[in-house]
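Here are a few short exercises to work through with the model open beside you. Try each task before reading its solution.

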Amino acid sequence: MMQAGDSYKNALWNNWKWQFSHRITGTERLSEIIHLTDQEKDEISECLKRFRMAITPYYASLMDPDDKNDPIRLQSVPSIRETYYCEHDLADPLNEEADSPVPHIVHRYPDRVLLLVTYVCSMYCRHCTRRRVVGEEDRIIGGKELKAALSYIRSHVEIRDVLISGGDPLVMDTGRLETIISQLREIPHVDVIRIGTRVPVVMPMRITDELLDMLKKYQPIWINTHFNHPKEITPDSERACKAIADAGIPLGNQSVLLKGINDNADIMKELLLKLVHMRVRPYYLYQCDLSQGISHFRTDVETGIDIMHKLTGNISGYAVPKYVIDAPGGGGKIPINYNYVISKNDREIVMENFRGDIYSYPLPSK
Ligand SMILES: *Cc1c(COP(=O)(O)O)cnc(C)c1O
Ligand code: SF4
């Protein structure tokens, strides 16, 4: 058994194109990294008929070869439970098709759009929301489709924020990405350009000076990444996040609340504080949505509220994300909060603080 972290590494380890082209996509190579029984191999192969697997050697090297509940393994290696569909499962849980005026654009909120530039990712997260499209085929947006998407943005002056997503936009070559970003930057009403990417977590060597030098030309750019567990914070991912922050690009993080992985206040707290240390601002904590074959990842909403309650006030406000449910059917993100308001009448509002002590605030007379 090779320990992925040691002999497996080679001179090309830090080259992101090598990492990408050596992704682990089948059970043979996977079993060189983690212990798999024959039954597990069969089960993984069964899942692979429906959903692809791809794991960068870097991300695979973080797995404990013997721990079936390793948080890295649970996020990247298929489980037979993915073949169990439950009655609420939906192919397009967020109804993104309905809010797509032209291919590759999702326009749901008044002033911002998603621009989906690729269906490729460096690692296919088992809990992915867009698993219906992501990983189906290796496709990036074509010239004609890009033209149509850009022309939609150009003709809608209310769009001031474009979120480049996918798939993972940072699997594209820097040059190809620059073609898209530079054209967006030429549109006068587009103010902020955001990039949603999991690369700092699963392929941090993609964060190169070449990439950052390109992005710096098109400020204001924000990057939103996707750490779910403190084990994903390594010297490599830390270096990537610090390089992004040093380039003057603010970094946010969205996590998905995942049963058995991070649905625990202590794990979440450790993750959030480590993110802040790397200058990554926790942004959203998503309730796991209704994509097909991921019901085993869904945690009780009460657990989510309880975690938020335990965090709020106990760690600094900028370490605490917003807990949201992206409403099935296309309702958008809805904040789910612990209720601190005990009562309210014409005279006062009575509230509970983070310790559970009761306070009252006299309301201004009308
Ligand atoms: C999440 C999302 C956005 C961005 O929303 P913010 O709250 O501004 O981060 C935009 N469009 C769609 C369809 C989204 O799902
Ligand atoms: S990186 Fe994002 S889009 Fe890609 S598989 Fe993971 S969750 Fe899905």
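**Exercise 1: a helix and its two sides**

Helix H11 has as its buried residues Ala265, Met268, Leu271, Leu272 and Leu275. Buried means under 20% relative accessible area, exposed over 50%, and partly exposed in between (1.4 Å probe, protein chains only). Helices (H or I, at least four residues) and strands (E, at least two) are DSSP runs, numbered from the N terminus.

A word on the ground rules: this is a predicted model, in which local features need pLDDT of at least 70 and side-chain atom pairs count only at pLDDT 80 or more, while totals for chains, interfaces and linings use all residues. Residues are numbered from 1 along each chain as its sequence is written, chains are lettered from A and ligands numbered from 1 in the order in which they are written, and side-chain values use heavy atoms, with hydrogens and water left out.

*Task.* Work out how the buried residues of H11 are arranged around its axis.

*Solution.*
- Step 1. Seen down the axis, the buried residues of H11 fall within an arc of 125°, so they line one face of the helix. The arc is that of the directions from the helix axis to the C-beta atoms.
- Step 2. Recall the helix geometry: an α-helix has 3.6 residues a turn, so residues three or four places apart point the same way.
- Step 3. Turn to the face away from the buried side of H11, which carries the exposed residues Asp266 and His277.
- Step 4. Look for the cover: strand E6 (251–257), strand E7 (280–287) and helix H12 (301–311) are among the elements over the buried residues of H11. Contact here means heavy atoms within 4.5 Å.

**Exercise 2: length and ends**

*Task.* Check the span of H11, residues 265–277, against its number of residues.

*Solution.*
- Step 1. The expected span of a helix is 1.5 Å times one less than its number of residues.
- Step 2. For the 13 residues of H11 this gives 18 Å, and the end C-alpha atoms are 18 Å apart, which agrees.
- Step 3. At the start of H11, a side-chain oxygen of Asn264 comes to within 2.8 Å of the backbone nitrogen of Asp266.
- Step 4. After H11 comes Arg279, with a positive phi near 65°.

**Exercise 3: the ligand shell**

*Task.* Find which polar side chains lie by oxygen atoms of ligand 1.

*Solution.*
- Step 1. List the residues around ligand 1 (a heavy atom within 4 Å): Val106, Arg108, Tyr109, Arg112, Leu114, Leu163, Arg194, Tyr283, Tyr284 and Lys333.
- Step 2. Pick out the polar pairs (N or O atoms within 3.5 Å). A polar side-chain atom of Arg112 is 2.6 Å from a ligand 1 oxygen, one of Arg194 is 2.8 Å from a ligand 1 oxygen, and one of Lys333 is 3.0 Å from a ligand 1 oxygen.
- Step 3. Ligand 1 alone exposes 390 Å², of which the protein buries 91%. These areas come from the Shrake-Rupley method with a 1.4 Å probe.
- Step 4. E1 (105–109), E2 (112–116) and E7 each supply at least two residues of this shell, and E1 gives the most, with 3 residues.

**Exercise 4: a loop residue**

*Task.* Is Thr299 buried or exposed?

*Solution.*
- Step 1. Locate Thr299 in the loop between E7 and H12.
- Step 2. The relative accessible area of Thr299 is 6%, so Thr299 is buried.
- Step 3. Its neighbours, not counting residues up to four places away in sequence, are Leu257, Leu258, Lys259, Asp263 and Gln287.
- Step 4. With the side chain of Asp263, the side chain of Thr299 makes a polar contact (3.4 Å).

Methods:
Polar contact = N/O pair within 3.5 Å; in protein donor to acceptor, adjacent residues only side chain to side chain.
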